[in-house]
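Hi there,

Here is the structure I promised to pass on. Have a look at it first, and then read on for my notes on what turned up in it.

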Amino acid sequence: MNNIILVAFLLSISSATIAQSIIVTGHIIDDKNKRKLDEVEVSVFDLSVDGQIITTQSTNLGNYIIEVPEPGTYMVRLMRQAYYDLETIITVDSDTKTKDLMMTRLPGYEFEGTVRERLSFKNGELGKELKNLKIEIYNNTTDKKIVSIEDDPKNTFKANFERGNHYTILLRKKGYFAKRIEVYVDIEGCILCFEGLGSNYSPEIEYELTDINQRGSLISDIPMKKIIQDEAITLENIYYDYDKSYIRKDARPALENLVKILRRNPIVIELSSHTDSRGKDEYNMTLSQKRAQAAVDYIISRGIKEKRITAKGYGESQLVNECSNGSKCTEAEHQKNRRTEFKVTAFLEESTFDNKSLRDIILSEKEAGKKSQESILILDK
């Protein structure tokens, strides 16, 4: 009998406690444009119990729902990318049902990137969304890491880019070419410049800029190309003087891009040169081999190990159109056959690239910068 009375007493206490709990709902809102903010981390602390944390949650479409154990005074902390952290005191009584809270944007641009597979280097067509990436963002101006995510389960990520800063974004996923993007915000003559993203994927303004272009929200697709062994990839803007094989200065930017690809990916490649059908077959084969070797020599001079790249001249043996010997073709049609390509032939299993942080990569690049400049000066002589 006594046990029954005790159980009944405990249940009455529990029921009373439950009855005292209060549900508070509301919205987290941008104080300028009144937009509801998603992905705000909302934490609630009980000030009557030495600031003990009660709950932490993330807003969904700007909405939050919190439960406090009883009427009283609580501290709510709000945290979100691109906004100032906010700590505010709220008083809750039995009549409290809803409270909207305002957050203030940081100066700069909130960037949201969606990573998708690039189907071809030849056009801007995109395929499926990619997840489980390693994502790093580094502020070169302040020498600080601002984002570092391992095996991100989402296909999107966000960052706040403040004015007067240079950022580097590095995305890595096994089996894909690493993607590196340089972002300049109101620095070096750029109001907002993205290098490495590609002209087909320029960020779009999602929300109107305010406060004399001090704030804005941008969205963009970010393409990543799957590495397909033995797939030929054309290097654009590689030009040679007629009947010559040396590397012209205007060909260096394209070769520098290939150097970057090799530095960022554990791959072995073949670099090939192709001619059109005009001229003798044997001569074209020899000329294309010399041109391919000249390009390879330049890349090796930039610090790429010789074992990672080989030169191959194909002459006119792999035409991409019908302009074979004796055919009547325009100069533009012949130009399509005069190309430089590379293809991945193997992978470096012992590579340490994936284990290096973006900060370590950037610092090592700075140390190697002087040596690289010296090698270019030698080539210019």
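A search of the whole structure, which is a predicted model, turns up five aromatic pairs. One of them brings together Phe-161 and Phe-194: the ring centres are 6.4 Å apart and the planes meet at 65°, so this pair is edge-to-face, the class for angles over 60 degrees. Phe-161 belongs to strand 12 (residues 156-161) and Phe-194 to strand 15 (residues 190-195), so the pair ties together parts that are 33 residues apart in sequence. Both rings sit on buried residues: Phe-161 has 0% relative accessibility, while Phe-194 has 16%. The two also belong to one aromatic cluster, whose members are Phe-111, Phe-157, Phe-161, Tyr-167 and Phe-194.

Two tyrosine rings have a charge over them. Over the face of Tyr-83 lies Arg-105, at 5.5 Å from the ring centre. Tyr-314 has Lys-312 over its face, and here the distance to the ring centre is 5.6 Å.

Tyr-314 comes up again in the surroundings of Glu-270. This glutamate is part of strand 19 (residues 267-274). Is Glu-270 buried or exposed? With 14% relative accessibility it falls under the 20% limit, so Glu-270 counts as buried. What does its side chain pair with? A polar contact of 3.0 Å links the side chain of Glu-270 to that of Tyr-314. Leaving out neighbours within four places in sequence, the contacts of Glu-270 are Thr-310, Lys-312, Tyr-314, Glu-341, Phe-342, Lys-343 and Thr-345. Lys-312, the residue over the face of Tyr-314, is thus also on the contact list of Glu-270.

Now for the nonpolar cores. In soluble globular proteins, nonpolar side chains tend to be buried together. The largest nonpolar core in this model has 27 residues, and those touching the most other members are Leu-255, Leu-258, Ile-269, Leu-271 and Ile-299. At least two residues of this core come from each of strand 18 (233-235), helix 2 (252-264), strand 19, helix 3 (281-301), strand 20 (309-315) and strand 21 (340-347). Helix 3 provides the largest share, with six residues. Setting aside neighbours within four places in sequence, Ile-299 is in contact with Leu-255, Leu-258, Val-259, Leu-262, Leu-271, Ile-304 and Ile-309. There is also a second, separate core of 25 residues, and its members include Ile-135, Tyr-167, Ile-181 and Phe-194. Tyr-167 and Phe-194 are already familiar from the aromatic cluster.

On to the cysteines. How many disulfides does the structure hold? There are two, and counting bonded cysteines along the chain, they follow the pattern 1-2, 3-4.

- Cys-190 and Cys-193 are joined with an S to S distance of 2.1 Å. The torsion about their S-S bond is about -95°, so this disulfide is left-handed. Cys-190 is buried at 13% relative accessibility, whereas Cys-193 is partly exposed at 23%.
- Cys-323 and Cys-329 are joined with an S to S distance of 2.1 Å. This link is left-handed too, with -110° about the S-S bond. Cys-323 is buried, having a relative accessible area of 3%, whereas Cys-329 is partly exposed at 23%.

Cys-190 also falls within the range of strand 15 (residues 190-195), the strand that holds Phe-194.

One loop may be worth a look on your screen as well. Where is Ser-120? Ser-120 sits in the loop between strand 8 (108-118) and strand 9 (126-129). Leaving aside neighbours within four places in sequence, Ser-120 is in contact with Glu-125 and Lys-225. The C-alpha atoms of Ser-120 and Lys-226 are 9.0 Å apart, although 106 residues separate the two along the chain.

Finally, some totals for the protein chain. Its secondary structure amounts to five helices and 21 strands. Of its 381 residues, 40% count as buried. Among contacts with a separation of 6 or more, 63% are between residues 24 or more positions apart.

Happy browsing, and best wishes!

Terms used:
Residues are numbered from 1 along each chain as its sequence is written. This is a predicted model: local features need pLDDT of at least 70, side-chain atom pairs count only at pLDDT 80 or more; totals for chains, interfaces and linings use all residues. Side-chain values use heavy atoms; hydrogens and water are left out. A disulfide is a pair of cysteine sulfur atoms within 2.5 Å. Buried means under 20% relative accessible area, exposed over 50%, partly exposed in between (1.4 Å probe, protein chains only). Helices (H or I, at least four residues) and strands (E, at least two) are DSSP runs, numbered from the N terminus. A polar contact is a pair of N or O atoms within 3.5 Å; within protein, one must be able to donate a hydrogen and the other to accept it, and residues adjacent in sequence count only if both atoms are side-chain atoms. Contact means heavy atoms within 4.5 Å. Rings of Phe, Tyr and Trp (its six-membered ring) pair if their centres lie within 6.5 Å; planes under 30 degrees apart count as stacked, over 60 as edge-to-face and the rest as tilted. A charge sits over a ring if NZ of Lys or CZ of Arg is within 6 Å of the ring centre and within 35 degrees of the ring normal. A nonpolar core is a set of buried Ala, Val, Leu, Ile, Met, Phe, Trp, Tyr and Cys residues joined through side-chain atoms within 4.5 Å.
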